[in-house]
Amino acid sequence: MSLDANCLFCKIIEGDIPANIVYRNDNVVAFRDINPQAPTHVVIVPTVHVENAAGLAKMSSVITAALILAADEIAKSEGLDGYRTVFNTGASVGQSVFHAHLHLLGGRYFAWPPG
Ligand code: AMP
Ligand code: ZN
């Protein structure tokens, strides 16, 4: 699958930049966020370079589902009884890496609505 040589998450997928990888299969790689916002904060990325979640869904419903299933599996292995998953789409809501990714957060109380 195609990667982008200038993309931070593609470099992590390739092993060119180190990361604390907690889960990996053909479709996804998951690693601990470098700036965690909760006791468990894992970033789950598709092993294909695409800018955001909608772009990924247009490309492959299988890989999109794989992100969600990986989140559930990692949450179980972390012992979480509940978790929050977030796709940020666009710089205006905080997307800073333009390679689609699902945040998995848990291990503390989360307010609703989110800020
Ligand atoms: P977003 O702001 O939704 O684009 O999420 C990008 C996330 O990637 C942020 O939560 C960052 O803390 C995280 N991040 C950036 N660089 C790294 C890295 N080298 N290793 C792990 N996580 C990173
Ligand atoms: Zn990428």
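## A colleague's note on the pocket, the strands and the cores

1. Let's start at the pocket. Among the elements lining the largest pocket, α1 gives the largest share, with three residues. The helix α1 spans 8-14, and it is joined by β2, β3, β4 (84-86) and β5 in supplying at least two lining residues each. Please keep in mind as you look around that this is a predicted model.

2. The pocket as a whole is worth a slow look. Its space comes to about 690 Å³, and 31 residues line it. If you want to find its centre, look for Asp 33, Gln 37, His 41, Asn 88 and His 103, which are the lining residues nearest to that point. Sorted by class, the lining holds 17 nonpolar residues, 10 polar ones and four charged ones.

3. His 103 takes us from the pocket into β5. This strand is mostly covered, with five of its five residues buried. Leu 102, Leu 104 and Gly 106 point one way from β5, while His 103 and Leu 105 point the other way. That fits a broader pattern: in a regular strand, side chains alternate between the two faces of the sheet.

4. Next, the partners of β5. Strand β3 runs antiparallel to β5, and five bridges join the two. One place to see this pairing is Thr 40, whose bridge partner in β5 is Gly 106. Strand β4 also pairs with β5 in the antiparallel sense, here over three bridges. Val 86 is the residue that stands opposite His 103 of β5.

5. Now for the interior. The largest nonpolar core contains 19 residues, and Val 28, Ile 44, Leu 56, Ile 74 and Leu 104 have the most contacts inside it. Two or more of its residues come from each of β2 (28-32), β3 (40-46), α3 (61-77) and β5 (102-106). Helix α3 makes the largest contribution, seven residues.

6. Leu 56 is a good residue to click on in this core. Setting aside neighbours within four places in sequence, Leu 56 is in contact with Pro 46, Val 48, Val 50, Ile 63, Thr 64, Leu 67 and Ala 100. Apart from this core lies another one, made of 10 residues, including Cys 7, Val 43, Val 45 and Val 97.

7. If you have time for one element, I would suggest β5. It supplies at least two residues of the pocket lining, gives two or more residues to the largest nonpolar core, and pairs with β3 and β4.

Definitions and conventions:
Residues are numbered from 1 along each chain as its sequence is written. Chains are lettered from A and ligands numbered from 1 in the order in which they are written. This is a predicted model: local features need pLDDT of at least 70, side-chain atom pairs count only at pLDDT 80 or more; totals for chains, interfaces and linings use all residues. Side-chain values use heavy atoms; hydrogens and water are left out. A nonpolar core is a set of buried Ala, Val, Leu, Ile, Met, Phe, Trp, Tyr and Cys residues joined through side-chain atoms within 4.5 Å. Buried means under 20% relative accessible area, exposed over 50%, partly exposed in between (1.4 Å probe, protein chains only). Helices (H or I, at least four residues) and strands (E, at least two) are DSSP runs, numbered from the N terminus. Contact means heavy atoms within 4.5 Å. On a 1 Å grid over the protein atoms alone, a cavity is a set of points where a 1.4 Å probe fits but cannot get out, and a pocket is an open set with protein on both sides within 12 Å along at least five of seven lines; lining residues have an atom within 4 Å of a point. Grid points are joined across faces, edges and corners, and a volume is the space filled by probe spheres set on the points. Ala, Val, Leu, Ile, Met, Phe, Trp, Tyr, Cys and Pro count as nonpolar, Asp, Glu, Lys and Arg as charged, and the others, Gly among them, as polar. Two strands pair if DSSP finds at least two bridges between them.
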